[in-house]
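Hi,

Here is the structure I said I would pass on. Have a look at it first, and then read on for what turned up in it.

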Amino acid sequence: MAEEELDRYWKTVVNTIQDGIMIVDTHGRIISINKAFEFITGFLKDDLIGKTCDVLNCNLFEAARDKKGDHWCVLFDTGTMDRRKCTLVKKDGTLIHALKNASILHDAKGAVIGAVETIADITEIIEKDNQIAAFRRELRSKDGFHGIIGVSHPMRQVFDLIENAAQSDAPVIICGESGTGKELVSKAIHEISGRKKGPFVKVNCAALTESLLESELFGHVKGAFTGAYQNREGRFEKAHGGNIFLDEIGDLPLSTQVKLLRVIEEKLIERVGDSQSLPVDVRIISATNRNLTKLVDDGVLRKDFYFRINVIPINLPPLRERLEDIPLLAEFFFRKNQLKSGKNIQGINNDTMDALVNYWWPGNVRELRGAFEYAFVTCQETMIKPHHLPQNIILKKKSLKAAAQLSSLNREEIKKIELIETLKKTNGNQSEAARILGVTRVTIWNRMKRFSINLDR
């Protein structure tokens with residue numbers, strides 16, 4: 001292939017690359033740039049060729065020049081510059097954030113003849129990160145408590161209980177309907193407790209089969225059961241020195257309740273298949289959406305176990321009992337989805353806010369979060385209006401019972417569709433589907449059974 005033809009192909013390749021490319025000589029004079037470099041900086045080729053690269057006012061270059069006066073850039077000493085964040089000034093004077101890579105160039109004899117530099121514009125990413133950071137600071141300083149949003153009287157009582165519970169090592173039980181934020185409360189207790197530097201370990205007791213649960217909690221020794229090819233540390237050992245969060249504690253089998261009772265009273269565990277006791281220093285925080293006293297009456301929950309986990313009860317109010325918090329939560333989820341989606345949606349229509357406040361929220365805060373995720377998909381306007389919300393929220397004439405049935409039906413239908421689509425995407429791989437959906441493999445299996453999803457059909 002002729003040299004001219006190679007040169008043409010090379011220029012086509014370079015101008016196709018989305019990152020900006022700049023080549024300089026040993027004096028820092030710019031001898032070539034590609035189209036992307038022009039687009040990112042606003043400078044045309046004729047503006048830059050022959051000029052030194054300090055015209056771009058790169059903050060990294062300034063630092064290098066101050067440090068070493070004998071070279072135009074410290075790059076000629078180090079040889080490379082890998083993934084360094086920097087700022088540049090565009091032709092119009094605005095600042096951009098960039099990710100820079102650079103390397104010196106040698107001729108066939110090894111002599112230095114210049115350097116090549118690539119830049120990727122990350123301004124949008126940096127600005128979004130700054131927005132998120134500012135948003136988080138705002139939430140922490142106003143109307144919130146360690147990520148929990150609320151100014152209502154019931155929530156202020158909850159915040160006081162969290163602070164008091166954090167000062168103790170006694171077991172805490174968090175009670176509340178599904179979607180009220182029990183895990184957030186457990187995290188808040190951990191974050192302000194004396195154990196905050198230790199681990200925070202979460203276990204969903206309902207997501208594990210009875211045969212796996214004890215091994216998961218207490219670990220097992222090699223040969224304890226079929227498939228136990230080596231010793232395995234349990235969640236309690238992993239939580240040593242910190243807090244363990246046992247979600248859905250009401251689903252624990254009676255046999256496991258007995259063993260947990262010993263952990264609480266004696267601070268000792270036994271791995272499955274082992275008779276040796278191991279000491280553990282763990283504070284237990286549990287949660288449930290079930291009526292534990294009824295479970296005791298029904299013989300599903302041991303009375304002595306109930307009294308040991310119920311030392312410090314924290315009852316979370318449903319969203320319908322803290323209506324003044326709905327506008328705050330709505331603004332929180334609006335801002336979160338606005339940042340995530342990048343859509344030019346400016347706010348929440350007054351009629352929409354009225355609809356949110358007048359709805360009874362059987363799914364609580366989790367349902368409100370889902371409503372805004374839905375709205376940001378359906379809204380193609382500058383304001384979120386009532387018709388952008390899920391249908392059940394705006395059916396004001398329906399009875400509470402009918403609304404509850406519709407709400408439940410919609411959530412179940414969404415779960416089924418979501419699971420089918422995810423299983424299609426993963427070619428039926430349940431473990432991968434569980435990872436994508438953020439649940440356990442057992443939960444995937446249970447949902448497949450509940451929704452009669454058969455992969456063989």
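Let's begin with a sheet. Five strands, in the order 2-1-5-4-3, make up an open sheet with antiparallel pairing. (Helices and strands here are DSSP runs, H or I of at least four residues for a helix and E of at least two for a strand, numbered from the N terminus; two strands pair if DSSP finds at least two bridges between them.) Strand 2 (30–33) and strand 3 (80–89) are at the edges with a single partner strand each, so one side of each has no neighbour in the sheet. On average, neighbouring strands of this sheet are turned by 30° against each other, direction ignored; the axes behind that angle are lines fitted to C-alpha atoms, for helices over the stretch in contact, and angles run from 0 to 180 degrees between N-to-C directions.

Before going further, a word on what you are looking at: this is a predicted model, where local features need pLDDT of at least 70 and side-chain atom pairs count only at pLDDT 80 or more, while totals for chains, interfaces and linings use all residues. Residues are numbered from 1 along each chain as its sequence is written, and side-chain values use heavy atoms, with hydrogens and water left out.

Back to the sheet. Strands of a sheet pair through backbone hydrogen bonds, either parallel or antiparallel. Strand 1 (residues 20–24) runs antiparallel to strand 5 (residues 112–121), with 5 bridges between them; Gly20, for instance, has Ile119 as its bridge partner in strand 5. Strand 5 is also joined to strand 4 (residues 95–106), again antiparallel, by 9 bridges. Here Leu105 has Gly114 as its bridge partner, and Leu99 stands opposite Ala120. Strand 4 and strand 5 form a hairpin with 5 residues between them, and Gly110 in the turn has a positive phi of about 90°.

Next, the aromatic rings. How many aromatic pairs does a search of the whole structure find? The count is 7, where rings of Phe, Tyr and Trp (its six-membered ring) pair if their centres lie within 6.5 Å, and planes under 30 degrees apart are stacked, over 60 edge-to-face and the rest tilted. One of them is the stacked pair of Phe218 and Phe236, at 5.8 Å centre to centre and 20° between the planes. Phe218 belongs to helix 9 (residues 210–218) and Phe236 to helix 10 (residues 235–238), so this pair ties together parts that are 18 residues apart in sequence. Phe218 and Phe236 are both buried (buried means under 20% relative accessible area, exposed over 50%, partly exposed in between, with a 1.4 Å probe and protein chains only). Phe332 and Phe333 have ring centres 5.1 Å apart and planes at 65°, so their pair is edge-to-face. Both Phe332 and Phe333 are buried, too.

Helix 9 deserves a second look. Its buried residues are Leu213, Glu214, Ser215, Glu216, Leu217 and Phe218. They pack against strand 9 (200–204), helix 10, strand 10 (243–247), helix 11 (254–266) and strand 11 (268–270). After helix 9 comes Gly219, with a positive phi near 85°.

Most residues other than glycine have a negative phi, and most peptide bonds are trans. Trp361 is not a glycine, yet has a positive phi of about 50°. Trp361 sits in the loop between helix 15 (350–358) and helix 16, and counts as buried at 0% relative accessibility. Ser452, also not a glycine, has a positive phi of about 55°. You'll find Ser452 in the segment after helix 19 (441–450), where Ser452 is exposed, with a relative accessible area of 52%.

Is Gln380 buried or exposed? Gln380 is exposed, at 62% relative accessible area, and lies in the loop between helix 16 (364–378) and strand 16 (383–384). Leaving aside neighbours within four places in sequence, Gln380 is in contact (heavy atoms within 4.5 Å) with Lys343 and His388. The C-alpha atoms of Gln380 and Asn344 are 8.7 Å apart, with their positions 36 residues apart along the chain.

Last, the cysteines: the count of disulfides (pairs of cysteine sulfur atoms within 2.5 Å) comes to 0. Cys53 is buried, with a relative accessible area of 9%, and Cys205 is buried at 2%.

Cheers
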